[in-house]
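Subject: A structure for you to look at

Hi there,

Here is the structure I promised to pass on to you. Please open it beside this email and look up each residue as you read.

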Amino acid sequence: MRVTVDLTKCNAYANCLMEAPEVFDLDGASGLAVVTQEQPPEELRARVEAAARVCPVQAITVED
Ligand code: SF4
């Protein structure tokens, strides 16, 4: 699984961070999302997919 965030869409809502803090953080300067684990372990899949679902601007992509 590979996780990416389109920073041209991200609006710093932080929903992703609430769902999967192991994988997402917010950049202190820009306030935009940072992927801290681009290839998270399979056991985090449900949380990563939940994060992608709750992102209000569909900025998160999860690829296999
Ligand atoms: S939920 Fe979406 S818009 Fe909000 S910080 Fe995460 S990637 Fe950005």
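Let's begin with lysine 9: setting aside residues within four places in sequence, lysine 9 is in contact with Val57, Gln58 and Ala59. Before you go further, please keep in mind that this is a predicted model.

**Lysine 9 and one of its partners**

You will find lysine 9 in the loop between β1 and α1. Is lysine 9 buried or exposed? It falls in the middle class: its relative accessibility is 40%, so lysine 9 counts as partly exposed. You can also try a distance here, from C-alpha to C-alpha: lysine 9 and leucine 32 are 23 residues apart in sequence and 9.6 Å apart in space.

Glutamine 58, one of the contacts of lysine 9, belongs to the loop between α2 and β4. Glutamine 58 counts as exposed because its relative accessibility is 53%, and the cut-off for that class is over 50%. Pick out glycine 28 as well: 30 residues along the chain separate it from glutamine 58, and their C-alpha atoms are 21 Å apart.

**More of the two loops**

The loop between α2 and β4 also holds proline 56. With 39% relative accessibility, proline 56 counts as partly exposed. Which residues does proline 56 touch, leaving aside its neighbours within four places in sequence? They are Tyr13 and Asn15. The C-alpha atoms of proline 56 and alanine 12 are 9.9 Å apart in space, with their positions 44 residues apart in sequence.

Alanine 12 takes us back to the loop between β1 and α1. Its relative accessibility is 31%, so alanine 12 counts as partly exposed. Have a look at its backbone too: phi of alanine 12 is near 65°, which is a positive value in a residue other than glycine.

Alanine 14 lies in the loop between β1 and α1 as well. Here phi is near 70°, again a positive value in a residue that is not glycine. Alanine 14 has 14% relative accessibility and therefore counts as buried; the cut-off for buried is under 20%.

**Cysteine 16 and helix α2**

Move on to helix α1, where cysteine 16 is found. Cysteine 16 counts as buried because its relative accessibility is 8%. Not counting residues up to four places away in sequence, cysteine 16 touches Phe24, Ala33, Ala51 and Ile60. Measuring from C-alpha to C-alpha in your viewer, you should find cysteine 16 and valine 34 to be 10.0 Å apart in space, while 18 residues apart in sequence.

Ala51, one of the residues that cysteine 16 touches, leads to helix α2, which covers residues 45–54. Which residues of helix α2 are buried? Ala51 is on the list, together with Arg45, Val48, Ala50 and Ala52. What covers these buried residues includes β1 (2–5), α1 (15–19), β2 (24–26) and β4 (60–63).

**The ligand and the cavity**

Now for the empty space in the protein. Rolling a probe the size of a water molecule over the atoms shows where empty space is left. How many cavities of 30 Å³ or more does the count give? The count comes to one. The largest cavity has a volume of about 90 Å³, and the space it offers is taken by the ligand.

The lining of the largest cavity is made up of 15 residues, and those nearest its centre are Cys10, Tyr13, Ala14, Cys16 and Cys55. By type, the lining divides into 13 nonpolar residues, two polar and no charged.

Around the ligand there are 13 residues, the closest being Cys10, Tyr13, Ala14, Cys16 and Cys55. Of the residues in this shell, 11 are nonpolar, two are polar and none is charged. You have already met some of these names: Ala14 is the buried residue with 14% relative accessibility, Cys16 is the buried one with 8%, and Tyr13 is in contact with proline 56.

Enjoy exploring, and send me your questions whenever you like.

Best wishes

Note on methods: Residues numbered from 1 in each chain as written. Predicted model: local features only at pLDDT ≥ 70, side-chain atom pairs only at ≥ 80, totals over all residues. Heavy atoms only, no water. Buried < 20%, exposed > 50% of the residue type's maximum accessible area, 1.4 Å probe, protein only. Helix = DSSP H or I, 4+ residues; strand = E, 2+ residues; numbered from the N terminus. Contact = heavy atoms within 4.5 Å. Near = heavy atom within 4 Å. 1 Å grid on protein atoms, 1.4 Å probe; cavity = no way out; pocket = protein on both sides within 12 Å on 5 of 7 lines; lining within 4 Å. Sits in = over half its atoms within 2 Å of the grid points. Nonpolar A, V, L, I, M, F, W, Y, C, P; charged D, E, K, R; others polar. Points joined across faces, edges and corners; volume = space filled by probe spheres on them.
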